[in-house]
Amino acid sequence: MKSAPAPGLRRYDTGMRNALLTVLAIHFLAAAAYAQVSDGGYDKALSTSLAASAKAMHATIRRDLAEAADALPAADFGFRPTPQVRSFAQLVGHVINANFFFCSQAKGAAMPASANMNFETVTDKAALIKGLTEALAVCDDAYQSTTDANFAQKLTMPGFPGMNPKTETTRGAVLIFNTTHNNEHYGNMVLYLRLKGKVPPSTAHAQAPQPKT
């Protein structure tokens with residue numbers, strides 16, 4: 001039997017997006033040298049295989065999420081750019097909830113026992129890193145076990161209050177949505193890191209010296 005959605009996952013703050021966009025614009029106008037780049041270019045991620053493309057995109061964003069969460073000191077996990085938005089800890093917790101949920105749904109499996117809590121209420125960095133590591137491991141398995149043969153496998157997603165109670169979709173579509181959601185919130189994390197003087201992982205990897213061929 002598929003698990004119900006993790007608590008707090010549905011919360012989506014429009015004010016957060018607007019506030020972050022405003023702060024982001026101001027910050028980057030004042031510091032053009034901090035232009036964001038990524039080493040996860042389309043030339044490396046895309047292919048004629050839908051499953052292989054999904055796996056490649058997941059590999060990049062899961063690395064960036066893990067390294068972003070690790071980069072900020074524990075003392076800064078309560079930081080939020082404005083009072084209206086999530087703290088960094090809540091942002092990491094939201095990503096944990098989402099990855100446990102979407103990747104378990106894609107596999108047609110119950111979420112692990114460790115996922116039966118709302119990680120957005122956790123404030124301790126060590127506990128959040130542990131949760132993120134476990135959630136990303138669930139996703140690693142979901143993406144690795146996805147092939148072009150089962151990419152279009154049909155499944156039914158449960159809904160949150162106020163949503164459709166059932167959504168008919170496919171395994172691959174859920175994984176693509178999860179990657180999109182991860183990229184959205186990694187973009188949020190980039191702002192938090194920059195405001196705390198940290199270089200985002202995606203930029204650090206892209207700017208690292210490349211091995212000579």
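Leu46 sits in the loop between α2 (42–45) and α3 (50–71). Together with Tyr42 and Met57, Leu46 makes a nonpolar surface patch of about 350 Å². The model shown here is predicted.

## The chain as a whole

Seven helices and two strands make up the list of elements in the chain. Starting at the N terminus, their order is α-α-α-α-α-β-β-α-α. The two strands therefore follow five helices, and two helices come after them.

The chain has 213 residues, and 43% of them are buried. Its accessible surface comes to about 10800 Å². Carbon and sulfur atoms account for 60% of that surface.

How do contacts spread along the sequence, and what share join residues at least 24 apart? Take the contacts between residues at least 6 apart in sequence: 73% of these join residues at least 24 apart.

## Aromatic rings

A pair of aromatic rings is described by two things: the distance of the centres and the angle of the planes. The count for this structure is seven aromatic pairs. Phe77 and Phe88 form one of them: the ring centres are 5.0 Å apart and the planes stand at 80 degrees, which is over 60, so the pair is edge-to-face. This pair links distant parts of the chain. Phe77 is in the loop between α3 and α4 (88–107), while Phe88 is in helix α4, eleven residues apart.

Are these two residues buried or exposed? Phe77 has a relative accessible area of 1%, so Phe77 is buried. Phe88 is at 0% relative accessibility, and therefore Phe88 counts as buried too.

Phe88 also pairs with Tyr192. Here the ring centres are 5.9 Å apart and the planes are at 50 degrees, so the pair is tilted. Phe88 lies in helix α4 and Tyr192 in helix α6 (residues 171–195), so this pair ties together parts that are 104 residues apart in sequence. Both Phe88 and Tyr192 are buried.

These rings belong to a cluster. Ring pairs link Phe77, Phe79, Phe88 and Tyr192. A charged residue joins the picture at Phe79: Lys196 lies over the face of that ring, at 4.6 Å from the ring centre.

## Salt bridges

How many salt bridges does a search of the whole structure find? The search finds seven. Three of them are set out below.

| Acidic residue | Basic residue | Closest N to O |
|---|---|---|
| Asp64 | Arg63 | 2.9 Å |
| Asp76 | Lys196 | 3.6 Å |
| Glu120 | Arg86 | 3.3 Å |

In the bridge between Asp64 and Arg63, the acidic partner is covered. Asp64 has 2% relative accessibility, so Asp64 counts as buried.

The bridge between Asp76 and Lys196 links distant parts of the chain. Asp76 is in the loop between α3 and α4, and Lys196 is in the loop between α6 and α7 (201–207), 120 residues apart. Why does Asp76 count as buried? The relative accessible area of Asp76 is 19%, and buried means under 20%, so Asp76 falls on the buried side of the cut-off. Lys196 has a relative accessible area of 34%, so Lys196 is partly exposed.

The side chains of Arg86 and Glu120 meet in another salt bridge. Arg86 lies in the loop between α3 and α4, and Glu120 in the loop between α4 and α5 (125–144), so the pair ties together parts that are 34 residues apart in sequence. Arg86 is buried, with a relative accessible area of 2%. Glu120 is at 6% relative accessibility and counts as buried.

## A look around Asp76

Asp76 deserves a second look. Its place is in the loop between α3 and α4. Which residues does Asp76 contact, leaving aside its neighbours within four places in sequence? They are Phe88 and Lys196. Phe88 is a member of the ring cluster, and Lys196 is the salt-bridge partner of Asp76. Lys196 also lies over the face of Phe79.

Tyr192, another member of the ring cluster, can be placed relative to Asp76 as well. Asp76 and Tyr192 are 116 residues apart in sequence. In space they are 9.5 Å apart, C-alpha to C-alpha.

Conventions
Residues numbered from 1 in each chain as written. Predicted model: local features only at pLDDT ≥ 70, side-chain atom pairs only at ≥ 80, totals over all residues. Heavy atoms only, no water. Patch = residues over 30% accessible without salt bridge, like charges linked within 9 Å, V, L, I, M, F, W, Y side chains within 5 Å. Areas by Shrake-Rupley, 256 points an atom, 1.4 Å probe, with all protein chains shown as cover. Salt bridge = Lys/Arg side-chain N within 4 Å of Asp/Glu carboxyl O. Helix = DSSP H or I, 4+ residues; strand = E, 2+ residues; numbered from the N terminus. Phe/Tyr/Trp six-rings, centres within 6.5 Å; stacked < 30°, edge-to-face > 60°. Buried < 20%, exposed > 50% of the residue type's maximum accessible area, 1.4 Å probe, protein only. Lys NZ or Arg CZ within 6 Å of the ring centre and 35° of its normal. Contact = heavy atoms within 4.5 Å.
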